[in-house]
Amino acid sequence: QVQLAESGGGLVQPGGSLTPSCAASGSILSIGAMAWYRQAPTKEREMVATDTSSGTTTYADSVKGLFTISRDNAKKTVYLQMNSLTTEDTADYYCYATGVRLPWTPFNSWGHGTQLTVSS
């Protein structure tokens, strides 16, 4: 099984920054894409940023130039650097990853989420 554990959410003032992380663990042979999604109250879950195994990144239009996704493959960890936060960024942030686990089985897994609240 593969587990994803997010950490680093919290309460931030408008204009502030935060960098949550997500660590993958379990019987992982390789990780492909890693991504961050978010879900605000009363809204559907939306993609925020993705990072493929080849290093290609994509971002939601609303966060381009403000958020940066990065990963440490040795630590099986993905980060989301978030700058210039606004109240519109308040949401639960979820990590998502694909890859291959033992015994040579594809996986796609979600974390349980970390909450970000942007408020003064």
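Here are worked exercises on a predicted model.

Local features need pLDDT of at least 70 and side-chain atom pairs count only at pLDDT 80 or more, while totals for chains, interfaces and linings use all residues. Residues are numbered from 1 along each chain as its sequence is written, and side-chain values use heavy atoms, with hydrogens and water left out.

**Exercise 1. The sheet**

Task: State the strand order of the open four-stranded sheet, and find which strands stand at its edges.

Solution.
- Start with the terms. Strands are DSSP runs of E, at least two residues, numbered from the N terminus. Two strands pair if DSSP finds at least two bridges between them.
- Read off the order: β1-β3-β8-β7, with antiparallel pairing.
- Look for single partners. β1 (2–7) and β7 (67–72) each have one partner strand, so one side of each lacks a neighbour in the sheet.
- Add the geometry. From one strand to the next, the twist averages 15°. Axes are lines fitted to C-alpha atoms, and angles run from 0 to 180 degrees between N-to-C directions.

**Exercise 2. Partners of β8**

Task: How many bridges join β8 to β7, and how many join β8 to β3?

Solution.
- Take β7 first. It pairs with β8 (residues 77–82) over six antiparallel bridges. Within this pairing, Ser-70 has Tyr-79 of β8 as its bridge partner.
- Now β3. Three bridges join β3 to β8, again antiparallel. Ala-23 is partnered by Thr-77 in β8.
- Check the turn. The β7–β8 hairpin has four residues between the strands, and Lys-76 there takes a positive phi near 55°.

**Exercise 3. Salt bridges around Arg-38**

Task: Which residues form a salt-bridge network with Arg-38, and is Arg-38 buried or exposed?

Solution.
- Set the cut-off. A salt bridge needs a side-chain nitrogen of Lys or Arg within 4 Å of a carboxyl oxygen of Asp or Glu. The count by this rule is four.
- Find the contacts. Arg-38 meets Glu-46 at 2.7 Å, N to O. Arg-38 also bridges to Asp-89, with the closest N and O atoms 2.9 Å apart.
- Place that second pair. Arg-38 lies in strand β4 and Asp-89 in the loop between β8 and β9, 51 residues apart.
- Join them up. Arg-38, Glu-46 and Asp-89 are linked in a network.
- Classify exposure. Buried means under 20% relative accessible area, exposed over 50%, partly exposed in between (1.4 Å probe, protein chains only). Arg-38 has 6% relative accessibility, so it counts as buried. Asp-89 is buried too. Glu-46, at 35%, is partly exposed.

**Exercise 4. A link from β5 to β7**

Task: Which residue forms a salt bridge with Asp-51?

Solution.
- The partner is Arg-71, with the closest N and O atoms 3.6 Å apart.
- Asp-51 is in strand β5 and Arg-71 in strand β7, 20 residues apart.
- Both ends are buried: Asp-51 at 6%, Arg-71 at 18%.

**Exercise 5. Core and surface**

Task: Which residues touch the most other members of the largest nonpolar core, and which make a nonpolar surface patch?

Solution.
- Define the core: buried Ala, Val, Leu, Ile, Met, Phe, Trp, Tyr and Cys residues joined through side-chain atoms within 4.5 Å.
- The largest core has 29 residues, and Trp-36, Leu-80 and Tyr-93 touch the most other members. Elements giving two or more residues include β4 (28–39), β9 and β11 (114–118).
- Define the patch: residues with over 30% relative accessible area and no salt bridge, nonpolar side chains (Val, Leu, Ile, Met, Phe, Trp, Tyr) being joined within 5 Å. Areas come from the Shrake-Rupley method with a 1.4 Å probe.
- Leu-29, Leu-102 and Trp-104 make a patch of about 360 Å². Trp-104 sits in the loop between β9 (91–101) and β10 (105–110), and counts as exposed at 69%.

Terms used:
Patches are made of residues with over 30% relative accessible area and no salt bridge: like charges are joined within 9 Å, nonpolar side chains (Val, Leu, Ile, Met, Phe, Trp, Tyr) within 5 Å.
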